[in-house]
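Got your viewer open? Load the model, switch to cartoon view, and let's take a walk through some of its strands.

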Amino acid sequence: MKALRFLAVVLLAFLAAMPALNALEKQPASTYHARREALAARLQGGVAVLFAAEEPVLDLTPYRQDEDFYYLTGWNEPGAALLIVGEAPQAPSPRRYKEILFLPARDLRMEKYTGVKLDAASPDVARATGVDEVEPMTQLPVELNRLIGADRELMRTIWMQPISLQAKALLTFTATTLGMDAPDEPRDVTQLTARLRLVKDPGEIELIRKATSASIAGQLVMMRAMKPGVTELAIAGRMTAAWMEHGCERPSYAPIVGSGINSTILHYSANDRTIQNGDIVVVDAACEYSMYAADITRTVPANGRFTPRQREIYNIVLGAQEAAIKAFVAGKSTINDRDRLDPNSLDTVAYNYINTHGKDLHGQPLGKYWLHGLGHMLGIDVHDPADYPQVLEPGMVFTIEPGIYIPEEKLGVRIECDFLVGADGRLIDLDAALPHTADEVEAAMRGKWTK
Ligand SMILES: [Mn+2]
C-alpha cells in the first residue's frame with residue numbers, strides 16, 4: 001500500500017514536470033534574437049515590419065503562425081507585428097539596431113473562445129516574448145511615422161511580406177500622414193528570410209528529427225495496417241493517430257494514400273477509394289513537430305507482396321534515388337533542376353537512371369513517366385523557400401523523391417526520404433529507420449522489421 005502511494009506520488013510529479021501537451025517546443029530566446037539580428041544586418045540600413053498570421057474568424061484547425069514570423073520570434077499568437085530597425089550610422093538621424101514586438105490588446109470576450117493571450121501590459125512580457133521591447137499594436141504606426149519622419153529616405157527601404165494587406169494599409173497610412181508617396185511595392189522581406197532559413201541550426205535539426213521519427217512511426221503503422229478492403233482514408237487516419245501520439249500537432253500536408261490508379265496521381269488526397277487486392281499504394285504522408293515538417297513517401301503492395309512488374313518499377317525508382325545519393329557532393333550538387341541537363345544536378349542523375357532502366361508496355365523508356373522535381377528544401381514549410389536549382393550546402397535539409405507513374409498500368413511508385421547535409425558534407429538519411437528496399441517493405445508488412 002505504501003509502495004503504491006509512493007508510486008502515485010512519483011507519477012504525479014512526473015506528469016507535473018511534463019510540458020503542456022499542446023505547447024510547441026521552442027528554441028532558446030537567444031536563437032530567435034540572433035535570427036532577428038542576422039536579418040537586421042541584411043536590411044541595408046532599412047527597417048522590416050512583419051505581421052503575424054491572423055486568427056481565422058471560424059477556424060476548425062489549430063492556429064498556425066506565419067512561417068517567417070515564427071522563425072524570427074517563436075511567437076505563436078495571432079495579431080502581432082514585429083519591427084526590426086537595421087543599423088544605419090550614416091542616416092540623417094543615425095539608427096542603431098532595435099526590435100519591437102507589437103501585441104494586440106486583449107479581447108476578453110474572444111478569449112472565452114480561443115484562450116488567454118498576452119498583451120503589452122502583461123507583467124514580464126519582454127522576458128516572456130524574448131523580444132527587447134514590447135508595445136501595444138496601436139504604437140506601430142506611431143513608431144514607423146517617427147522613424148520615417150526623421151529620415152524620409154527610409155520609405156524606400158522598408159521590408160515587408162509581399163502579400164500582406166496590413167503591410168499595404170500601414171504604408172499608405174504612414175505615407176499619407178507624412179505627405180509622401182508610398183512605394184508601389186515595399187521590398188520583399190521574405191527574400192531575406194528565405195536565405196536565412198536555408199541552413200538549419202542544431203535546434204531546428206533536432207525538431208526536424210522529431211518530425212521524421214514521428215512520421216516513421218506513422219509509416220510503420222501504415223505498413224502493418226495495409227490490406228485489401230481497407231479504405232485509403234482509414235489508413236490516413238491510423239497514421240494521423242500515430243503522429244499525434246508522438247507529439248506532432250498536424251500533418252505537414254494533406255496525406256496522400258493513393259491505391260491502384262490513384263498511385264499515379266501526384267497530389268491525390270481524396271483518399272476515398274477502398275484498397276483492392278493486387279493494388280500498389282503510394283503513401284506520401286508525414287507530420288509536423290513544433291512547426292517543422294517531415295515529408296516521407298513509401299510505396300507498398302496492398303496484399304504484402306509486390307508483383308514482379310511492381311517490384312521491377314520499384315527497384316528502378318529506388319535505383320534512381322541511390323544513384324542521386326551516390327552522386328551527391330556538398331557545395332556542388334543541386335536539387336530541383338527541371339532542365340535535367342546539368343551534370344551537377346541530382347535531378348539529371350536520377351532522370352538518366354530512370355530513362356535507361358526498364359521500359360513501358362510499348363518498349364519506350366520510362367523517363368517521361370517522371371514529371372516532378374527530384375526534391376525540395378524542408379523546414380518550417382514542407383516546401384521551404386529556395387532558389388531552384390538550389391546548391392546543397394552543409395546544414396541544409398531536403399528531400400530526394402524520384403517517382404514513376406504509369407496510368408496505363410495503374411502503377412505508380414514514389415520513394416521519398418529526407419536528408420540532412422552534415423557538417424562534414426556527408427548526406428544523412430533522416431528516415432534511415434524505415435524500410436527502403438522492396439524486401440524490407442514486405443518484411444515490415446509482415447511485422448518483421450527491426451532497425
Ligand atoms: Mn516532398
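What follows is a short tour of a predicted model, with a few selections to make along the way.

**Stop one: strand 1.** Select residues 47-51, which make up strand 1. Are they buried or exposed? Five of the five residues are buried, so the strand is mostly covered, taking buried to mean 20 or more other C-beta atoms within 10 Å of a residue's own. Now turn on the side chains: V47, V49 and F51 point one way, while A48 and L50 point the other way. That fits the general rule that side chains in a regular strand alternate between the two faces of the sheet.

**Stop two: the partners of strand 1.** Add residues 158-160, which form strand 5; strand 1 pairs with strand 5 in the parallel sense, over three bridges. To find your bearings, pick V47, whose bridge partner in strand 5 is I158. Next add strand 2, residues 81-85, where the pairing with strand 1 is antiparallel and runs over five bridges. Here, click on F51 and look opposite for A81 in strand 2.

**Stop three: an open sheet.** Move on to strands 7, 10 and 11, an open sheet of three strands in the order 7-10-11, paired antiparallel. The edges are strand 7 (250-251) and strand 11 (292-293), each of which pairs on one side only. Zoom in on strand 7 and strand 10 (residues 287-289): two bridges join them, and P251 sits opposite C287 in strand 10.

**Last stop: a helix over the sheet.** Select residues 202-225 to bring up helix 9, which lies across strand 10 and strand 11. Relative to strand 10, helix 9 runs at about 145°.

Notes: Residues are numbered from 1 along each chain as its sequence is written. This is a predicted model: local features need pLDDT of at least 70, side-chain atom pairs count only at pLDDT 80 or more; totals for chains, interfaces and linings use all residues. Two strands pair if DSSP finds at least two bridges between them. Helices (H or I, at least four residues) and strands (E, at least two) are DSSP runs, numbered from the N terminus. Two residues are in contact if their C-beta atoms, placed from the backbone, lie within 7 Å. Axes are lines fitted to C-alpha atoms, for helices over the stretch in contact, and angles run from 0 to 180 degrees between N-to-C directions. A residue is buried if 20 or more other C-beta atoms lie within 10 Å of its own, exposed if 12 or fewer, and partly exposed in between; C-beta atoms are placed from the backbone.
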